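Please work through the exercises below with the sequence and the coordinates open beside you. Each task is followed by a solution that goes step by step.

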Amino acid sequence: GGWNDGGMMHDNGSMGRGNTVDLVASNEPTQPLPIPKRLQPDRVTDEALYYTVRAERGEHRFFNQGVSSETLGYNGSLLGPMIELPTGKTVYIDTINQLDEPTSFHWHGLVIPGEEDGGPHQLIAPGEQKRARLDIDQQPGTLWFHPHPMGATAEQVYLGLAGLLYVTDDMSSSLPNEYGVDDIPLIVQDRLFTDDGQLDYNRQMNIDGTIGDTLIANGAINTTFDVTTKTLRVRLVNGSNARNLDFSLSNGASFTQIATDGGLIDQPVSLETLKLTPSERAEILIDFSDLSLGDELALEADGISFTTFTVRSKIVQNRDWTDAFREAPVANESSEADRRLTLFGVSHMVTIDGKQFDPDRIDINVQQGTTEVWEIYNRDDMMGGMTHPFHIHGVQFRILERDGKPPPDNEHGWKDTVAVAPGERVKIKMTFRESGTFMYHCHILEHEENGMMGQLNVK
Ligand code: C2O
Ligand code: CU
Ligand code: CU
């Protein structure tokens with residue numbers, strides 16, 4: 001069965017394999033949704049932008065009462081700023097490690113050479129600094145960045161290291177695009193707290209991925225947002241270590257998905273629920289025209305609301321979104337697989353093609369510029385198995401097929417992560433434009449740590 005056919009059977013975090021902590025509604029008082037700051041460049045020239053990003057320790061108040069929690073953040077105590085990456089420009093980012101352990105800065109979803117990718121081979125020691133050069137040449141979209149040091153990725157992300165990357169262009173668009181007003185990011189994560197309010201990270205206890213019972217949106221519990229326009233664009237990021245999230249609106253109304261991981265879909269798709277597995281992103285439009293001033297509408301994940309929108313005014317933006325979707329729909333006609341990869345296992349026994357990660361082994365060699373079709377098979381065992389969100393660095397791909405059938409309409413856009421359900425075969429197609437060594441792995445971060453990762457060399 002496909003992961004999107006409504007079955008609960010294989011969903012980690014509910015029934016079946018994996019951890020089983022349910023999300024619960026929090027009774028914390030509400031607070032305004034924090035909007036990550038837009039990072040100001042240190043310097044801008046005609047061709048380039050220069051930014052500085054520091055990974056640092058911090059303290060963050062998740063709860064109204066009680067202590068603050070020890071956290072990690074970029075240029076702050078939790079999560080990070082939004083970094084704008086204009087397409088066609090070169091962006092230099094001075095990355096500084098102010099932690100007391102090694103980290104790296106991985107630009108998830110960017111199509112850049114392997115040596116700038118910030119994977120596990122590009123560690124930055126405590127106190128050190130390194131400049132990343134990012135030549136931005138891809139569709140506008142909602143990407144993110146996070147650490148990738150082998151053995152500490154999952155914990156560093158859990159404690160707060162994750163930030164937004166917006167690839168932008170200067171084409172005028174009719175889509176809502178006023179940051180923080182009618183175009184907002186929502187990094188959604190589940191977290192578990194100890195009795196004294198600390199983030200509870202225990203990898204040994206959570207071998208299939210750390211899941212928590214509390215949802216945070218942009219780092220905060222029970223958030224509210226005042227809507228002042230008829231249409232709100234929400235950029236959803238499932239930033240959880242391991243939990244799949246089914247998003248819906250509290251009134252059951254439909255919303256419109258306009259973008260996938262790597263940019264706009266060819267055609268907008270109307271949905272009532274949307275599943276994102278860890279590290280998948282989606283941009284959605286929520287229409288408030290049928291609501292009255294003062295009305296509330298909540299965004300929920302697995303039926304638990306985490307951000308409540310209140311209609312404060314209903315300014316009409318340009319209603320004609322259609323010119324934003326100029327591209328002719330891509331015909332994802334299927335073809336024979338050039339390679340087949342098999343995902344298998346749970347807990348410590350997770351493998352790709354029967355192997356666990358070896359930093360000294362290249363698993364796949366590809367010639368730069370080639371286009372390949374990969375078939376990703378999630379081999380289940382007698383107990384069922386788990387959905388694995390499969391991610392490849394350095395490319396954006398298209399999903400050609402799920403079990404021999406075309407993917408659902410909302411998966412027709414650019415992707416860098418694809419959910420593969422137990423027993424399912426998913427065909428994807430991509431062109432390897434950039435050279436270097438790239439990781440591919442399950443984005444359940446603890447599976448990645450447990451070795452569900454391979455290396456791809458493009459020459
Ligand atoms: Cu979010 Cu290896 O990546
Ligand atoms: Cu990545
Ligand atoms: Cu996995």
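The exercises go from the whole chain to one sheet and then to one strand, and they concern a predicted model.

**Exercise 1. Determine how the radius of gyration of the protein chain relates to that of a compact globule with 459 residues.**

Step 1: for 459 residues, the rule for a compact globule gives a radius of gyration near 23 Å. Step 2: the protein chain has 21 Å, which agrees with that expectation. Step 3: as a complement to this single number, the C-alpha atoms fill a box of roughly 60 × 55 × 50 Å when it is taken along the principal axes.

**Exercise 2. Describe the secondary structure, the burial and the contacts of the protein chain.**

Step 1: the secondary structure comes to two helices and 31 strands. Step 2: a residue counts as buried if 20 or more other C-beta atoms lie within 10 Å of its own, and buried residues make up 50% of the 459 residues. Step 3: among contacts with a separation of 6 or more, 78% are accounted for by residues 24 or more positions apart.

**Exercise 3. Work out the strand order of the open sheet that contains β16, and state which strands stand at its edges.**

Step 1: the sheet is open, has six strands with mixed pairing, and follows the order β12-β11-β14-β19-β16-β17. Step 2: β12 (214–217) and β17 each have a single partner strand and therefore stand at the edges, so that one side of each is left without a neighbour in the sheet. Step 3: neighbouring strands of this sheet are turned by 25° against each other on average, with direction ignored. Step 4: at the β12 edge, strand β11 (residues 183–191) pairs with β12 in the antiparallel sense over four bridges, and Arg 191 has Thr 214 in β12 as its bridge partner.

**Exercise 4. Characterise the pairing of β16 with β17 and with β19, and explain why β16 is largely enclosed.**

Step 1: β16 and strand β17 (residues 263–271) run antiparallel and are joined by five bridges, with Val 269 in β17 as the bridge partner of Gln 257. Step 2: these two strands form a hairpin that has two residues between them. Step 3: β16 and strand β19 (residues 281–287) also run antiparallel, joined by three bridges, and here Ala 259 stands opposite Glu 283 in β19. Step 4: because five of the six residues of β16 (residues 255–260) are buried, this strand is largely enclosed by the rest of the structure.

Technical notes
Residues numbered from 1 in each chain as written. Chains lettered and ligands numbered in written order. Predicted model: local features only at pLDDT ≥ 70, side-chain atom pairs only at ≥ 80, totals over all residues. Buried ≥ 20, exposed ≤ 12 C-beta atoms within 10 Å, placed from the backbone. Pairing = 2+ DSSP bridges. Axes fitted to C-alpha atoms, helices over the stretch in contact; angles between N-to-C directions. Rg over C-alpha atoms; globule rule 2.2 N^0.38 Å. Contact = placed C-beta atoms within 7 Å.
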